[in-house]
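Here is a short, friendly tour of one protein chain. Have a look at the sequence and the model first, and then we'll walk through the main features together.

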Amino acid sequence: QVQLVESGGGLVQPGGSLRLSCAASGSIFGIDFISRNAMGWYRQAPGKQRELVAGITTGGSTNYADSVKDRFTISRENAKQTLYLQMNSLKPEDTAVYYCNTNPTRFDWGQGTQVTVSS
């Protein structure tokens, strides 16, 4: 079973930036997992449903939720088998727990990483 591990969250002021990372491990299927699958970053704010905020296909095409377009950038580094989410111009409404998974989701959720945007 693949385990997805997110990191890089924290407390940041409005207008600030963070870069989230996601790595896959736990089984032989973790090898090349990030590069062999369409991946996504998701977030869940308190009292709200989890939503997809950014996706990347195996070919490198990306898509974003309207709420984060032009502020967030999804990318992956195949050599490190790591998925990234660069978040700029953060707003308080970006506060949430952020998760990575395939897109569409096919694996258990990891613990996520908390992002809090507050002054």
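What pattern does the chain follow when read along the sequence? From start to end it goes β-β-β-α-β-β-β-β-β-β-β. In total, that comes to one helix and ten strands. Keep in mind that this is a predicted model.

**Overall shape**

Let's begin with the whole chain. Its C-alpha trace spans about 45 × 25 × 25 Å along the principal axes. For 119 residues, a compact globule would have a radius of gyration near 14 Å, and the chain's 13 Å agrees with that. Buried residues account for 43% of the 119 residues.

**The four-stranded sheet**

Now for the strands. Four of them form an open sheet, in the order E1-E3-E8-E7, with antiparallel pairing. Strand E1 (3-7) and strand E7 (72-77) stand at the edges with a single partner strand each, so one side of each has no neighbour in the sheet. On average, neighbouring strands here are turned by 20° against each other, direction ignored.

At one edge, E1 runs antiparallel to E3, and five bridges join them. Serine 7 has serine 21 in E3 as its bridge partner. In a regular strand, side chains alternate between the two faces of the sheet. E1 has a covered face with Leu4 and Glu6, while Gln3, Val5 and Ser7 are on the uncovered one.

At the other edge, E7 pairs with strand E8 (residues 82-87) over six bridges, again in the antiparallel sense. Here isoleucine 74 stands opposite leucine 85 in E8.

**The nonpolar core**

Which residues touch the most other members of the largest nonpolar core? Out of its 29 residues, they are Phe33, Trp41, Leu83, Leu85, Met87 and Tyr98. Many parts of the chain chip in: strand E3 (18-25), H1, E4, strand E5 (51-56), E7, E8, E9 and E10 each supply at least two residues. E3 gives the largest share, with four residues.

**Aromatic pairs**

The chain has three aromatic pairs. Two of them are set out below.

| Pair | Arrangement | Centre to centre | Between the planes |
|---|---|---|---|
| Phenylalanine 33 and phenylalanine 107 | edge-to-face | 5.2 Å | 75° |
| Tyrosine 42 and tryptophan 109 | edge-to-face | 5.1 Å | 80° |

The phenylalanine pair links distant parts of the chain. Phenylalanine 33 is in helix H1 (residues 33-36), while phenylalanine 107 is in the loop between strand E9 (96-102) and strand E10 (113-117), 74 residues apart. Both phenylalanine 33 and phenylalanine 107 are buried.

What about the other pair? Tyrosine 42 belongs to strand E4 (residues 39-44) and tryptophan 109 to the loop between E9 and E10, so this pair ties together parts that are 67 residues apart in sequence. Is tyrosine 42 buried or exposed? Its relative accessible area is 7%, so tyrosine 42 counts as buried. Tryptophan 109, with a relative accessible area of 32%, is partly exposed.

Tyr42 and Trp109 also join Tyr99 in one aromatic cluster. Arginine 50 meets two rings of that cluster. Its charged end sits over the ring of tyrosine 99, 4.4 Å from the centre. Arginine 50 also lies over the face of tryptophan 109, at 3.8 Å from the ring centre.

**Backbone details in the loops**

A few spots in the loops deserve a look too. The loop between E9 and E10 also holds proline 104. Which form does the peptide bond from asparagine 103 to proline 104 take? That bond is cis, with omega near 5°.

Next comes glutamine 81, in the loop between E7 and E8. This residue has a positive phi of about 50° although it is not a glycine. Glutamine 81 has a relative accessible area of 14%, so it is buried.

Serine 89, in the loop between E8 and E9, likewise has a positive phi of about 50° without being a glycine. With a relative accessible area of 41%, serine 89 is partly exposed.

Terms used. Residues numbered from 1 in each chain as written. Predicted model: local features only at pLDDT ≥ 70, side-chain atom pairs only at ≥ 80, totals over all residues. Heavy atoms only, no water. Pairing = 2+ DSSP bridges. Axes fitted to C-alpha atoms, helices over the stretch in contact; angles between N-to-C directions. Phe/Tyr/Trp six-rings, centres within 6.5 Å; stacked < 30°, edge-to-face > 60°. Buried < 20%, exposed > 50% of the residue type's maximum accessible area, 1.4 Å probe, protein only. Lys NZ or Arg CZ within 6 Å of the ring centre and 35° of its normal. Core = buried A, V, L, I, M, F, W, Y, C linked by side-chain atoms within 4.5 Å. Rg over C-alpha atoms; globule rule 2.2 N^0.38 Å.
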